[in-house]
Amino acid sequence: MSERAPRRRGATVSTAGHLYVAGLRYVRLLRRHRVAEVFQRASTDPALRVRVAQPDDPVALARLADRLFRRVLFPFPNRCLVKSLVLFAALHPTWPDLKLVIGLRRIPGSASTAMEGHAWLTLAGHVLSDCDRLAPEAFSATLVLGEHAS
């Protein structure tokens with residue numbers, strides 16, 4: 001049995017910094033471009049890749065992103081979409097079967113046809129992370145990106 005190398009705190013802090021800065025970059029991009037366009041750039045443009053210390057552990061990276069993209073630390077709209085794009089850009093080179101899912105649902109308790117959206121990542125068909133604590137299964141997946149990304 002091989003033992004895991006101990007993680008350095010500095011690596012986690014550095015990774016958190018890279019994720020946060022990438023989040024700010026994606027907020028700006030989403031203000032100017034459509035989601036599909038930003039996604040395409042995230043999956044192909046090396047300048048938008050997010051460098052992280054350990055892309056081989058997607059669950060740990062998703063947990064770090066969940067903590068980082070909470071409302072208190074990241075007070076921007078569409079946090080779930082921004083976080084999903086950032087994680088996709090960080091993990092896609094190592095995990096090509098990663099998918100970005102965007103879903104819609106009627107707002108619970110709303111008498112009108114008001115809808116709300118949510119974004120999350122799946123890896124091998126399983127939800128990778130969900131920082132807003134919204135159950136992805138409550139949403140109808142309306143757009144799945146990543147089937148043919150390279």
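**Gly117, its strand and the nonpolar core**

Colleague: In which strand is Gly117 found?

Modeller: The model is predicted, so local features need pLDDT of at least 70 and side-chain atom pairs pLDDT 80 or more, while totals for chains, interfaces and linings use all residues. Residues are numbered from 1 along each chain as its sequence is written, and side-chain values use heavy atoms, without hydrogens or water. Helices (H or I, at least four residues) and strands (E, at least two) are DSSP runs numbered from the N terminus. Gly117 falls within residues 115-123, which form strand E2.

Colleague: Is Gly117 buried, partly exposed or exposed?

Modeller: A residue counts as buried under 20% relative accessible area, as exposed over 50%, and as partly exposed in between (1.4 Å probe, protein chains only). The relative accessible area of Gly117 is 44%, so this residue is partly exposed.

Colleague: Which residues does Gly117 contact, leaving aside neighbours within four places in sequence?

Modeller: A contact requires heavy atoms within 4.5 Å. Gly117 and Leu81 are 36 residues apart in sequence, and their C-alpha atoms are 9.3 Å apart. Beyond its sequence neighbours, Gly117 is in contact with Gly103, Leu104 and Phe139.

Colleague: In what order do the four strands lie in the sheet?

Modeller: From the N terminus on, the elements run α-α-α-α-β-β-β-β. Strands pair if DSSP finds at least two bridges between them, and nine bridges join E1 to E2. Three bridges join E2 to E3. The sheet is open and its pairing antiparallel, in the order E3-E2-E1-E4.

Colleague: Which are the edge strands?

Modeller: An edge strand of this sheet pairs on one side only. That description fits residues 126-129 and 140-145, which are strand E3 and strand E4.

Colleague: In E3, which residue is the bridge partner of Leu121?

Modeller: Leu121 in E2 is the bridge partner of Leu100. E2 also forms a hairpin with E3, with two residues between them, and Ala124 in the turn has a positive phi of about 55°. In E3, the bridge partner of Leu121 is Ser129.

Colleague: At about what angle does H4 run to E2?

Modeller: Axes are lines fitted to C-alpha atoms, for helices over the stretch in contact, and angles run from 0 to 180 degrees between N-to-C directions. H4 lies across E1, E2 and E3. The angle that H4 makes with E2 is about 20°.

Colleague: How far apart are the end C-alpha atoms of helix H4?

Modeller: The expected span of a helix is 1.5 Å times one less than its number of residues. Helix H4 (residues 79-91) has 13 residues, so its expected span is 18 Å. The model agrees, because the end C-alpha atoms are apart by 18 Å.

Colleague: How many residues does H4 give to the largest nonpolar core?

Modeller: A nonpolar core is a set of buried Ala, Val, Leu, Ile, Met, Phe, Trp, Tyr and Cys residues joined through side-chain atoms within 4.5 Å. The largest one has 38 residues, and Val82 and Leu85 are among those with the most contacts inside it. H4 gives the most to this core, namely 10 residues.

Colleague: How many residues of H4 are buried?

Modeller: Of the 150 residues of the protein, 41% count as buried. In H4, Val82 touches residues including Gly23, Tyr26 and Phe74, not counting those up to four places away in sequence. H4 is mostly covered, the buried count being 13 of its 13 residues.
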